[in-house]
Amino acid sequence: MSRSTSTKSRASGRVTLSDVARLAGVAPMTASRAINQPELVSSLLRQRVEQAVQELGYVPNRAARALASAQSNVIVVLVPSLSNTVFTAVLQGIQDVLDADNYQVLIGNTRYSDAEEEKLLNIYMQSNPDGILLCGLTHSPRVQQMLATSKVPVVSMMDLSDDPAQLCVGFSQLDAGETMTRYLIDKGRRRIGFMGAQLDERTLKRREGYRKAMMDAGLADPQLELMVPDPSTIALGAELLGRMLARVPDCDAIFCCNDDLAHGAVYQCQRRGIAVPERLAICGFNDLPASAWMKPSLTTVGTPRYRIGYEAATMLRAAIRGEVPAQTHLDLGFTLMARESA
């Protein structure tokens, strides 16, 4: 194809759809159809338009397309961390669903901050998203207001809501915390500590489950709970183990709110010569890849992170299409991984 046609673009210097149409020798509407609905044009015309697109380096304007179709093909996904393996697995599940429909996924890292979530959502709402995926159920009043007034479909991930109308995919964090604690009690442990960090809503619900099990067994003691707002790390787990044993020397088991803390606790026990699980049982949460391979292997709670992302994206896609979901609450459950450490 000869590039004899003028390719003057707008003052911005960007190549426009009209430039593509001129070079391909077709009307702008035909060029748009060839790009966005190629099945509606002949293969010869489609090839001409594709060649013009390649020659000019044309990038479709999503904002203009959204105005024309009332759909943006944008999905907003907000997660509290991009370095935590838990959420990278969730994101992989989301991508595997949405990539098939050519959605553009805008991913935001809230860093466990309400203010950051508000800022990101305010920015991303300007892209007129077709749907939103959020982690957790607890949000600031400002975020709740933005979601309510936008009328955009929203699916919450990682937990289950008490509101039957709220779309959510996950499992009961409270039940998981209670199950792990009852497991330790059934193993004969009586002075069971709980170590938590970050203090996000999922950690607090796991602690609530721990408290319920301890109270039901008549074993509750506030001294056994050690909660700090610091970001969760292996090093913090090692530090908290020392603080727990200094506070409660007769502690015979520790339920850590996640595997990072549990790994650090196990390593600290090894440095101190504390036998695990004979002297002290250690448990975690989330079943990270390394947990099954450390020595002793870590007793933990397995969570379906990839499936949560996959099913949440599937539910959101159906909601965008106006389909009535078979169920608004999809409980994917959890698995207690009983291993050597407890």
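Here are some worked exercises on a predicted model of a protein chain.

**Exercise 1. Overall form**

Task: Work out how the radius of gyration of the protein chain stands against that of a compact globule of 342 residues.

Solution:
- Start with the reference value: a compact globule of 342 residues would have a radius of gyration near 20 Å.
- Now take the model, where the protein chain has 26 Å.
- Add the box filled by the C-alpha atoms, roughly 85 × 40 × 35 Å along the principal axes.
- Then bring in the domain assignment, which gives domain 1 (17-60), domain 2 (72-171 + 306-333) and domain 3 (173-302). The C-alpha centres of domain 1 and domain 2 lie 34 Å apart.
- Finish with a pair of residues: D250 and E55 are 74 Å apart, C-alpha to C-alpha, with their places 195 residues apart in sequence. D250 sits in the loop between helix 10 (234-247) and strand 8 (253-256), and its relative accessible area of 44% makes D250 partly exposed.

**Exercise 2. Confidence**

Task: Find the mean pLDDT of the protein chain, and say over which residues the pLDDT is below 50.

Solution:
- The mean pLDDT is 92, and 93% of the residues reach 70 or more.
- Residues 1-11 have a pLDDT below 50, and this stretch has 24 contacts in the model beyond near neighbours in sequence.
- Where pLDDT is low, predicted coordinates should not be read in detail.

**Exercise 3. Strand 1 and its partners**

Task: Decide whether the residues of strand 1 are buried or exposed, and then find how strand 1 pairs with strand 2 and strand 3.

Solution:
- Look at the side chains to begin with. V74, V76 and L78 point one way, while I75, V77 and V79 point the other.
- Check burial on both faces: six of the six residues are buried, so strand 1 is largely enclosed by the rest of the structure.
- Turn to strand 2 (residues 104-109), which pairs with strand 1 in the parallel sense over six bridges. Here the bridge partner of V79 is N109.
- Follow the connection: strand 1, helix 5 (residues 85-98) and strand 2 form a right-handed β-α-β unit.
- Now go to strand 3, which runs parallel to strand 1 (residues 74-79) and is joined to it by four bridges. V77 has L133 as its bridge partner, and L78 stands opposite L134.

**Exercise 4. Strand 3 and the step to strand 4**

Task: Explain why strand 3 (residues 131-135) is largely enclosed by the rest of the structure, and trace the chain from strand 3 to strand 4.

Solution:
- Sort the residues by direction: G131, L133 and C135 point one way, I132 and L134 the other.
- All of these are buried. With five of the five residues buried, strand 3 is largely enclosed by the rest of the structure.
- Next, look at strand 4 (residues 154-157), which pairs with strand 3 in the parallel sense through four bridges. In strand 4, M157 stands opposite C135.
- The chain passes from strand 3 through helix 7 (residues 141-150) to strand 4, making a right-handed β-α-β crossover.

**Exercise 5. A buried arginine and a buried methionine**

Task: Which residues are in contact with R202, leaving aside its neighbours within four places in sequence, and is M158 buried or exposed?

Solution:
- Place R202 in helix 9 (residues 201-216).
- Apply the cut-off: buried means under 20% relative accessible area. At 6%, R202 is therefore buried.
- List the contacts of R202: P80, F87, Y112, C135, G136, M158 and Q173.
- Move to M158, in the loop between strand 4 and strand 5 (168-170). Its relative accessibility is 3%, so M158 counts as buried.
- Read the contacts of M158, which include V86, F87, C135, Q173, R202 and I308.
- Compare the two lists: F87, C135 and Q173 appear in both.
- Close with a distance: M158 and L332 are 174 residues apart in sequence, yet their C-alpha atoms are 9.5 Å apart.

**Exercise 6. Contacts across the chain**

Task: What share of the residues counts as buried, and what share of the contacts between residues at least 6 apart joins residues at least 24 apart?

Solution:
- Of the 342 residues, 49% count as buried.
- Among contacts between residues at least 6 apart in sequence, 69% join residues at least 24 apart.

Terms used. Residues numbered from 1 in each chain as written. Predicted model: local features only at pLDDT ≥ 70, side-chain atom pairs only at ≥ 80, totals over all residues. Heavy atoms only, no water. Buried < 20%, exposed > 50% of the residue type's maximum accessible area, 1.4 Å probe, protein only. Helix = DSSP H or I, 4+ residues; strand = E, 2+ residues; numbered from the N terminus. Pairing = 2+ DSSP bridges. Right-handed = clockwise from strand over helix to strand, strands pointing away. Domains from an automatic or database assignment. pLDDT = per-residue confidence, 0-100. Contact = heavy atoms within 4.5 Å. Rg over C-alpha atoms; globule rule 2.2 N^0.38 Å.
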